[in-house]
2 protein chains.
Amino acid sequence: MNLQDRLVSTLKQNGYSLTKPRQALFSALQAGKPRSMRELTLDLESVMDRASIYRTIAIFERLGIVVRVQQGWKYKIELSDKFSPHHHHITCLRCGKIISFDEPAGIEKILDDIALQYEFVQKNHSLELEGYCSNCKN
Amino acid sequence: MNLQDRLVSTLKQNGYSLTKPRQALFSALQAGKPRSMRELTLDLESVMDRASIYRTIAIFERLGIVVRVQQGWKYKIELSDKFSPHHHHITCLRCGKIISFDEPAGIEKILDDIALQYEFVQKNHSLELEGYCSNCKN
DNA sequence: TATAATATTGCAAATTTGTCGCAATAATTG
DNA sequence: CAATTATTGCGACAAATTTGCAATATTATA
């Protein structure tokens, strides 16, 4: 099942329909990079209202379609693991460059153990690194 | 050196002094749990101005005294590793309960490898789990 | 496919969150 | 203690986010 279909079915299952604005927002996120609210509103202001962007993101987040990732002061929005390959970020504190990397080997077992220890049913996790990239490390 | 002294010396070294408001904010964070801006302003509004809370947090953050952690929708403020034991969180998606846990064994090596791979000088990292706690998992 | 019922959106207004300038107060220096 | 510098409160401002409601689009039903 492709992304589009998965989107539709996720919405449908929860009583929502895929409208043009929702489609537009989803598309805007498909580029893959985390986007700030400001970027999203600028990109989409000709297509949909600011308020609708917020409302749609709230829905998408509740349905697990998108997630917020905190990066320093601001947060950004990106597609969740269900709609893009699971990954994490390493962010440069100086220039802001963001690199995505795959789930490191060995992490899963560690997290499973933690969830078990605290009797949690683990749903998702985030791992964010910060530091200075090769250009900025001096 | 106790926390108090470490706070004073961190401030001093950077040309700041420990004032009553700064003390109050620091104390408010000592409870250990991450606090939202809203919680902090409510707690401290009789003691210090809203603007000063923001200014003080900006300073504390710049000096590495506090960090922001993203938890679901909002971010929260808590003391950094330098002023409280390094730890991570597992948060219940339903009731909001937050449990802190220590750095899991094996993580450090994994992160070092990643930083090395992308030629980053690693400064800090965050690991957040979400799921359903024992009370809410049903 | 037309109609009724429901969901979604845009728009404007309200609220909340975060920032700024500046005069008053507190802390530090000599 | 006086002078200098740092910090705060206050009010105004700006940006971000939320809300109510009427207009529009979508879905369900006949």
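## Exercises: protein contacts to DNA strands C and D

A phosphate oxygen of DNA strand D and an N or O atom in the side chain of Tyr54(A) are 2.5 Å apart. This is a predicted model: local features need pLDDT of at least 70, side-chain atom pairs count only at pLDDT 80 or more, and totals for chains, interfaces and linings use all residues. Side-chain values use heavy atoms, without hydrogens and water, residues are numbered from 1 along each chain as its sequence is written, and chains are lettered from A and ligands numbered from 1 in the order in which they are written.

**Exercise 1.** Find which residues come nearest to DNA strand D.

*Solution.*
- Step 1. Apply the cut-off: a residue is near a strand if one of its heavy atoms lies within 4 Å of it.
- Step 2. There are 20 residues around DNA strand D. Tyr54(A), Thr19(B), Arg22(B), Ser52(B) and Arg55(B) come nearest.
- Step 3. Look at the DNA side. Sugar and phosphate make up 71% of the strand D atoms that come within 4 Å of the protein.

**Exercise 2.** Identify polar contacts from chain B to the phosphates of DNA strand D, and state which elements supply the surface.

*Solution.*
- Step 1. Use the cut-off: a polar contact is a pair of N or O atoms within 3.5 Å; within protein, one must be able to donate a hydrogen and the other to accept it, and residues adjacent in sequence count only if both atoms are side-chain atoms.
- Step 2. Ser17(B) uses a backbone N or O atom, 3.4 Å from a phosphate oxygen.
- Step 3. Ser52(B) uses a polar side-chain atom, 2.8 Å from a phosphate oxygen.
- Step 4. Helix 3 (37-44) and helix 4 of chain A, with helix 2 (20-30) and helix 4 of chain B, each give two or more residues to this surface. Helices (H or I, at least four residues) are DSSP runs, numbered from the N terminus.
- Step 5. Helix 4 of chain A gives the most, with 4 residues.

**Exercise 3.** Work out which residues come nearest to DNA strand C, and which parts of the strand they meet.

*Solution.*
- Step 1. Of 19 residues around strand C, Thr19(A), Arg22(A), Ser52(A), Arg55(A) and Tyr54(B) come nearest. Sugar and phosphate account for 67% of the strand C atoms within 4 Å of the protein.
- Step 2. Check a phosphate. A side-chain N or O atom of Thr19(A) is 2.6 Å from a phosphate oxygen.
- Step 3. Check a base. A side-chain N or O atom of Arg55(B) is 3.4 Å from a base oxygen.
- Step 4. Find the top contributor. Helix 4 of chain B gives the most to the surface near strand C, with 4 residues.
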